[in-house]
Structures are given as structure tokens and as C-alpha cells.
Amino acid sequence: MSEREVIRDEIEARRARDTHPFGDVDNRRRGRNEGTAGPSIPPPMDCGPARKTHCPSLCTSGSRGVTTTDQAVPPARKSGAVGLTFLFTGFIAAAYGFGVYLFPAVMPDMLAALSLNYGHAGTIMAASQAGFLIAALISGILTNRIGASRLILLSMACCTLCLLLVPLTEGFTALAVALFFTGAASASVWVPMVVVAKALIPEAHQGKALGLMSSGTAYGVFVNGSAIPVLLPAYGWQSVWFFVAALTGLLFVWGWYRLAGLEKTAGMRGAAGSAMERMDLRTLAQPAYLTVPAMMFLNGFSCMPAQNYLVAFVRDELGHGIDAAGDVWKVIGFIGMFGGFLMGILADKITVKKALVLAYLLLGVSFAAFADHRSLVVIYLGAALFGLAFNAIFGLIPAYVSLAYPTRATALIFGMGNVMLGLGAMTGNFLGGVLKDESGSFQQIYIVALVSAAALIVLAIFLRRPGAAS
């Protein structure tokens, strides 16, 4: 190759970086978002102008050197990363906002219509949690066996079908089974999304993208809150489920069109699966691989009971009315709709690791406000900070996993993290009930949560990337 051809290739590669829809992709390969002491990522090897034009920072030399990420990225779809982010945000809104949080919102009407009691309701919600745990446990393996995009589509198909079946159920068992699978879909759709995001969204913008996705739950809850007052009084509780099932079905059709082509490019299965099989237990037992699951456990242990007991705390213990309790809940939801995205933007500016530390600091302050509760204004302040931090954390954690861990470990680590999140939530909710019964106050729950937030700050400060050889 002549010197003129070499210069021309370099100019074309620079032009491709400058016109990339998310900016300079190569910047992320220089560690812009690492924020850790791990080894730097070597620069890509030359593979010609044609490939550089599509994705200059992911190229390797020769067909034998193509990485899993290269295989996973259809060049024509790189420009659609923004649309993919919105699609995945909708998936999370449906899987979590509808599949997990709609039942508690219409539970009194459903229990009355189906002649069930709150004991049945508790069992049904436990079944949903069990589905989440089981799916979280196996979704990392399934991602690498059948492909990330296929698992996402299967999960959304399952979610759509179950949302459609819920209003057709006539008894306890059928309802529990349907919500078991909606709970499973919420876990199995989120884990492979991290793999797809790692492959298709430039690292320099994964923080804001995953932050927006994690805020999808708040959007789904907002849709629930808007639809229920309109549909339920006029058409019954079944109409709400039919409505959200229709919305989820439309999202599935969009996802089928958007994601179907990924599997044709050999993407997120073959190389990732074989590489996953080469990971041994000694590698996964390293502190760098165990820190994230430990943080996810503490996230569930502190955040879930803090949120679940908040309305009862405001109404029953502090003596405020239902309007005040509803306003607290609205503050959390409204801030959450934007908090994850805004913290994601910040993460892309200051590194994901520093944004995590900040999020845990805000979370700790929110728990301190709830524990102090000297006035309703303090409770509102705590709710605002909780909504900001809570939704941000569940976007920043997968963003960090995507940036810091090798492709072969991404799905497995995040799958393990989701299992620990569920276990932490179960443990925290149980302990919260015991503390309330023993002390007669919900305040102890928020003191324990504050201690957990302090531990999370320490863990976030000392986050380290695994070694490149692992």
C-alpha cells in the first residue's frame, strides 16, 4: 500500500469518527469511561477503509481476528443506536411497569372480582418474584446459547401473551402462573439488553443510554397511573390489562422488525458462548467479578423495602393523609422518569464509576431524610433524591458491567447480579417486617438502609476492572 493510500485511509477513518451519530467512538477505547485502575484497551488493528467507515474502533485485522463484538454489529444498524435505546426503554416500561407493577395498582379490584384475599395476593406476588429469580439465574446462560436478540424477543412475546391472559383468568392458580411468567420476562429481557447495548451502542454513550432504559419502569408506572382512572371505572379492571397488552404487542412488532436481522449476522451467540465456556470458577471467584453481585444484593436489600414500606410509613406512622402519601409516590415516579437519563449523561462526562459513587451518596441522603422525617418537606426531599438515585443506579450498574468486563462475561455477571438483587429484596422485605413488628416503627428500616448505602459507597469507590487476561 502506497503512502498516499495510507493517508487516504486515515482521513476516511477520521471522517467516519467525526460523523458517527454518537461522536468519537475511538475516544472510548482510550479509557474515557473507565474511571478505574484496570489495563488500557489496545488500539484496533487496521482492516481497511470500508470496515472503518462503519465502526472504526471495533476493527481487527483479518477474518480470524474478528471479535464477538464485531460479529454482533451489523454495520448498517450502527446509525440506529438511538432508536434501539428508545425501543429498549419501551421494553423495560412494559416488562417492569406493566408486568410487575400493574397488579399491585389494580389489586383491590381484582381480588374482589375473583373472590381472593390478601393472602392470595401475597402468594401471587411471591410467584412473580420467583419467576424473576429463576429467569435471572438462567438468562445469562440462555443469552449465550440462543442469542441476545432472540432472548429479548422471546421475553417480550411471553410478556405480551401473559398480559393478555391475565384479564381472562378466573381463579388463583391461573393468575399466579401468568404473573410468574411476567416476572420471569422482566428479568430475561433486561440481561441480554446489556449484551446488545455493549455491542451496538458506543461506550462513550452507554451511560446515558442504559440510564434511559432503566428509567423505563417509571414510564410504565406513569402509563398505569394515567390509564387506570380512565379505564377502570368505566370498563373494569380487565380493560387496563387489555390496554397494556396492546401497547406491549406494538412494542414487540417494532422489536421484531428492529432486532430480527441481528441473528443473521452471527452475532451474540457463537463466539460469546464458546468464550463463556472457557471461563472457569477461579476467574469468576476473583473480587473484581464478585463486587457487582454484592452491590446488587445491597441494592435490593436497601432500596426495595425502603420503597415498599414508604407509603405505610407516611400514612400509618407519621399520620399524613392519603393525598400526602400519593404525592410522595408521584415525586419518586416523576423524578425517576428523567433521573436515570440525566445521571447517565453525567456518567458519560465524569465516568460511570464516579456517577455510581454520587448516586449512592444521594441514596444515603434520601434514607437519612426518611429516618429523620421531621416534616413532610423533608420526606418530599428524600423522595426526590430516592427517585433520582434509585433509577440511576439500575442504569449505571449495567453500564459499568458493559464497559469494564469482557464480552464473554457481561451476560453472566449481570445475570448473577439480578439473582442477588432478587435475594437482597426478599431479605430486606422480610427483615423490614421483622423490624417493624419488634420495634413498632418503620424508622429502623431506613436506618439499616442508610448503613447499607454507606457500604455501597465504599464498594463503588473501590470498584476495579478485572485483568485483561481474565
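This passage describes the fold, confidence, aromatic pairs and selected residues of a predicted model.

The protein is helical. Its secondary structure comes to 21 helices and zero strands. Of the 470 residues, 55% count as buried. The exposed surface is about 19,600 Å², and carbon and sulfur atoms supply 66% of that area. Contacts reach across the sequence. Among those between residues at least 6 apart, 82% join residues at least 24 apart.

Confidence varies along the chain. The mean pLDDT is 75, and 75% of the residues reach 70 or more. Residues 14-79 stay under 50. The model nevertheless has 120 contacts beyond four places in sequence for residues 14-79. A further stretch, residues 265-278, also has pLDDT below 50. Beyond near neighbours in sequence, residues 265-278 have 32 contacts in the model.

Aromatic rings were examined next. A search of the whole structure finds eleven aromatic pairs. One of them joins Phe180 and Phe181. The ring centres of Phe180 and Phe181 lie 5.2 Å apart, with 90 degrees between the planes. The pair is edge-to-face, because the angle between planes is over 60 degrees. Both partners are partly exposed: Phe180 has a relative accessible area of 24%, and Phe181 has one of 39%.

Ring pairs also build a cluster. Its members are Phe313, Phe370, Phe442 and Tyr446. Phe442 has a charged neighbour as well: Lys436 lies over the face of the Phe442 ring, at 5.0 Å from the ring centre.

Leu310 contacts part of this cluster. Leaving aside neighbours within four places in sequence, Leu310 is in contact with Phe370 and Tyr446, and also with Val328 and Ile332. The residue is found in helix α16, which covers residues 310-317. Leu310 is buried, with a relative accessible area of 1%. Ile445 lies 135 residues away from Leu310 along the chain, yet the two C-alpha atoms are separated by 9.9 Å.

Ser441 lies in the loop between α20 (407-439) and α21 (443-461). Its relative accessible area is 13%. Ser441 therefore counts as buried, since the cut-off is under 20%. The Ser441 side chain reaches the backbone nitrogen of Gln443 at 3.0 Å. Not counting residues up to four places away in sequence, Ser441 touches Glu317, Leu435 and Lys436. Lys436 is thus a contact of Ser441 and also the residue placed over the face of Phe442.

Two other serines are buried. Ser188 has its place in helix α9, residues 172-200. Its relative accessibility is 10%. The side chain of Ser188 makes a polar contact with the side chain of Ser155, at 2.7 Å. Beyond its neighbours within four places in sequence, Ser188 is in contact with Ala135, Ser139, Leu151 and Ser155. Ser155 is therefore a partner by general contact as well as by polar contact, because heavy atoms within 4.5 Å define the former and N or O atoms within 3.5 Å the latter.

Ser215 is found in the loop between α10 (206-214) and α11 (216-235). The residue counts as buried at 0% relative accessibility. Its contacts, not counting residues up to four places away in sequence, are Gly336, Met337, Gly340, Phe341 and Asn391. Gly340 is 125 residues from Ser215 along the chain. The C-alpha atoms of Ser215 and Gly340 are nonetheless separated by 5.4 Å.

Backbone angles single out two further loop residues. Most residues other than glycine have a negative phi. Ser115 has a positive phi, near 60 degrees. Ser115 lies in the loop between α6 (102-114) and α7 (118-146). With a relative accessible area of 64%, Ser115 is exposed. Thr351 also has a positive phi, near 90 degrees. Thr351 is found in the loop between α17 (322-350) and α18 (352-372). Here the setting is buried, with a relative accessible area of 10% for Thr351.

Technical notes:
Residues numbered from 1 in each chain as written. Predicted model: local features only at pLDDT ≥ 70, side-chain atom pairs only at ≥ 80, totals over all residues. Heavy atoms only, no water. Phe/Tyr/Trp six-rings, centres within 6.5 Å; stacked < 30°, edge-to-face > 60°. Buried < 20%, exposed > 50% of the residue type's maximum accessible area, 1.4 Å probe, protein only. Lys NZ or Arg CZ within 6 Å of the ring centre and 35° of its normal. Helix = DSSP H or I, 4+ residues; strand = E, 2+ residues; numbered from the N terminus. Areas by Shrake-Rupley, 256 points an atom, 1.4 Å probe, with all protein chains shown as cover. pLDDT = per-residue confidence, 0-100. Polar contact = N/O pair within 3.5 Å; in protein donor to acceptor, adjacent residues only side chain to side chain.
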